[in-house]
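Work through the exercises below with the structure open. Each task is followed by a solution in steps.

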Amino acid sequence: MGDTIFPMKRLQRKLDYKKLKRKLLRPVLPKRMVLIVRSVYGAILSAIFIFTVLTVFTAATLTFPVDESRVPLAPFPVGVDPDSKTITEDPNLDHFIANSGRARWQFPSLIPSGKFARFIAKLSRSSWYQMAIPGGRLLVIFPGERKEEVAKNFGDILRWSSGERQNFLDLVQEAVPELQEGQFYPERYLVAVDASPEDVAKMVVERFETEVAARYDKKAEERLPMKEAIIIASLLEREAHDFTDMREISGVIWNRLFIDMNLQLDATLQYAKGGRLDSTKWWPMPTPADKYIESPYNTYKYKGLTPEPIANPSLEAILAALNPSITDCLFYFHDSSSGFHCSVDYQEHVSKLRQIYGRGR
C-alpha cells in the first residue's frame, strides 16, 4: 500500500529525478566564463540598439528639409587675382558665409573627416538605413567623391544595371559639357524607389545650377573661369579637413601657381591611379614611385592645374578656392592630429618634418 498511500512522495521522487537529470546534462561553466558570455551578449544587444538609434537619427537629419527661399542667392566673392598674382580679403566673404541661402548639409559638417565619417557614408547607403526612409530612397553625394563613386553608390541603392549607371554619368556630363568631373554636387537627394537615371541626373544637374552656376557671376568669371575654380576646389576637398584648412591650402596652391611651381599634390596621384566604374579602390594610397607615372593628372611631373577636377567639391571648397588665405607659404603638411603646418621654403619644411616626425629630406 506504500505507493498508493503516499502518492505525493512518488511524485516528489519523479520531480527530484528530472531535476537531477537536467543538472547532470547541463554544461558546467566557470563563473568567469559565465560573466564573459553575459558581457558579450549585453554588448551585442547594446550595439544593435545604438546602431538602430543612429540609423533613425541620421535618416531624420539628412532628410530634414532646408528652406532655400528665405535668402536670395549671393554671388561668390573673389579674393584672388591670377592676372596680378595677388590675394586680398574680399569684404563680402563674411556676408556670403552668413547669408549664402543655406547652411552646409548638416550631418557631414559635424563630422567632416575621419573613420567615423566613412562609417556614416557606408551607413547612409546600407539597406538598413534606406528602410528608415519612408516612401523612397535617399541618395547621398559626399564632398570629395569622384563621379564613378557616385554612379556606383546610386546604382547599388536603386539597383541600376551597369548600362544605367553609365547613362546617368553621360546625362550629367552632357548637361554641363565644360566639366567631365566636379558637377555632381555633394548633397542628399530624396528620390522614388524606382527612380530612373534620367530622373536622378535631372536633380543633380539642377542642384549644381542652383548652388554653383547661379552664384558664379560675370565678375567671378572674368577673374577666374568657373572650371578652373572647381578644379582647385576639388584639390582642396581631397587635401583639406575643414573650411579654414581649405583656405590655408588654397593660399599655398595659388602661391605655387603664381611662380609656375609644380603643385605636387598626392591627391592627384590617387585620382590618376583609381577610378573605374567597377572599382572598389577609388583613392589608393600613393607611393613614391607614383610620382613618375605617366598621367596628365600627375602634378609632380606636370606644372599647372589638372585637365579636369579630380572630385566633386562642396560649396565651401569652391569658396576657399576663390578666397585663399593670405600667406607666404609654399609647402605644407598635416601632422597625425590633422594640424596644419606650412613653410615659406623647402629647408623650413624639412626642419618641421624632422621636428614633428623625426625624419624628412
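The model is predicted.

**Exercise 1. A salt bridge between separate parts of the chain**

Task: Determine whether Lys227 is buried, partly exposed or exposed, then find what the pair Glu308 and Lys227 ties together.

Solution.
Step 1. Lys227 has a relative accessible area of 27%. Buried requires under 20% and exposed over 50%, so Lys227 is partly exposed.
Step 2. The partner of Lys227 in a salt bridge is Glu308, with 2.9 Å between the closest N and O atoms.
Step 3. Glu308 has a relative accessible area of 12% and is therefore buried.
Step 4. Lys227 belongs to helix H12 (residues 226-239), while Glu308 sits in the loop between helix H14 (266-273) and helix H15 (315-322), so the salt bridge ties together parts that are 81 residues apart in sequence.

**Exercise 2. The packing of H8 and H9**

Task: Classify the orientation of H8 and H9, give the hand of their crossing, and describe the residues in contact.

Solution.
Step 1. Helix H8 (residues 147-158) packs against helix H9 (residues 162-175) at an angle of about 130°, and the axes are 9 Å apart.
Step 2. An angle over 145 degrees would count as roughly antiparallel, and one of 65 to 115 as roughly perpendicular. The two helices, H8 and H9, are therefore oblique to each other.
Step 3. The crossing of H8 and H9 is right-handed.
Step 4. On the H8 side, the contact is made by Lys147, Val150, Ala151, Lys152, Phe154, Gly155 and Asp156; on the H9 side, by Arg165, Phe168, Leu169 and Gln173.
Step 5. Sorted by character, the residues of the contact of H8 with H9 are five nonpolar, two polar and four charged.

**Exercise 3. Salt bridges**

Task: State how many salt bridges there are, and examine the pairs Asp156 with Arg165 and Arg215 with Glu211.

Solution.
Step 1. The count comes to 12 salt bridges, with a cut-off of 4 Å between nitrogen and oxygen.
Step 2. Asp156 and Arg165 meet through their side chains at 2.9 Å, N to O. Asp156 is partly exposed at 41% relative accessible area, whereas Arg165 is buried at 14%.
Step 3. Salt bridges with shared partners join Lys152, Asp156 and Arg165 into one network.
Step 4. The side chains of Arg215 and Glu211 form a salt bridge at 3.0 Å, N to O. Both Arg215 and Glu211 are buried.

**Exercise 4. The buried residues of H14**

Task: Which residues of H14 are buried, and what does their cover include?

Solution.
Step 1. The buried residues of H14 are Ala267, Thr268, Leu269, Gln270 and Tyr271.
Step 2. The cover over the buried residues of H14 includes H12.

**Exercise 5. Positive phi outside glycine**

Task: Locate Lys85 and Asp260, give the phi of Lys85 and of Asp260, and classify the exposure of Lys85 and of Asp260.

Solution.
Step 1. Lys85 is in the loop between strand E1 (80-81) and strand E2 (86-87). Phi of Lys85 is near 55°, a positive value in a residue other than glycine.
Step 2. With 49% relative accessibility, Lys85 counts as partly exposed, since exposed requires over 50%.
Step 3. Asp260 is in the loop between helix H13 (243-258) and H14. Asp260 is not a glycine, yet its phi is positive, about 60°.
Step 4. Asp260 has 48% relative accessibility and so counts as partly exposed.

Note on methods:
Residues numbered from 1 in each chain as written. Predicted model: local features only at pLDDT ≥ 70, side-chain atom pairs only at ≥ 80, totals over all residues. Heavy atoms only, no water. Axes fitted to C-alpha atoms, helices over the stretch in contact; angles between N-to-C directions. Helix = DSSP H or I, 4+ residues; strand = E, 2+ residues; numbered from the N terminus. Parallel < 35°, antiparallel > 145°, perpendicular 65-115°, else oblique. Left-handed = near helix turned anticlockwise from the far one by under 90°. Contact = heavy atoms within 4.5 Å. Nonpolar A, V, L, I, M, F, W, Y, C, P; charged D, E, K, R; others polar. Buried < 20%, exposed > 50% of the residue type's maximum accessible area, 1.4 Å probe, protein only.
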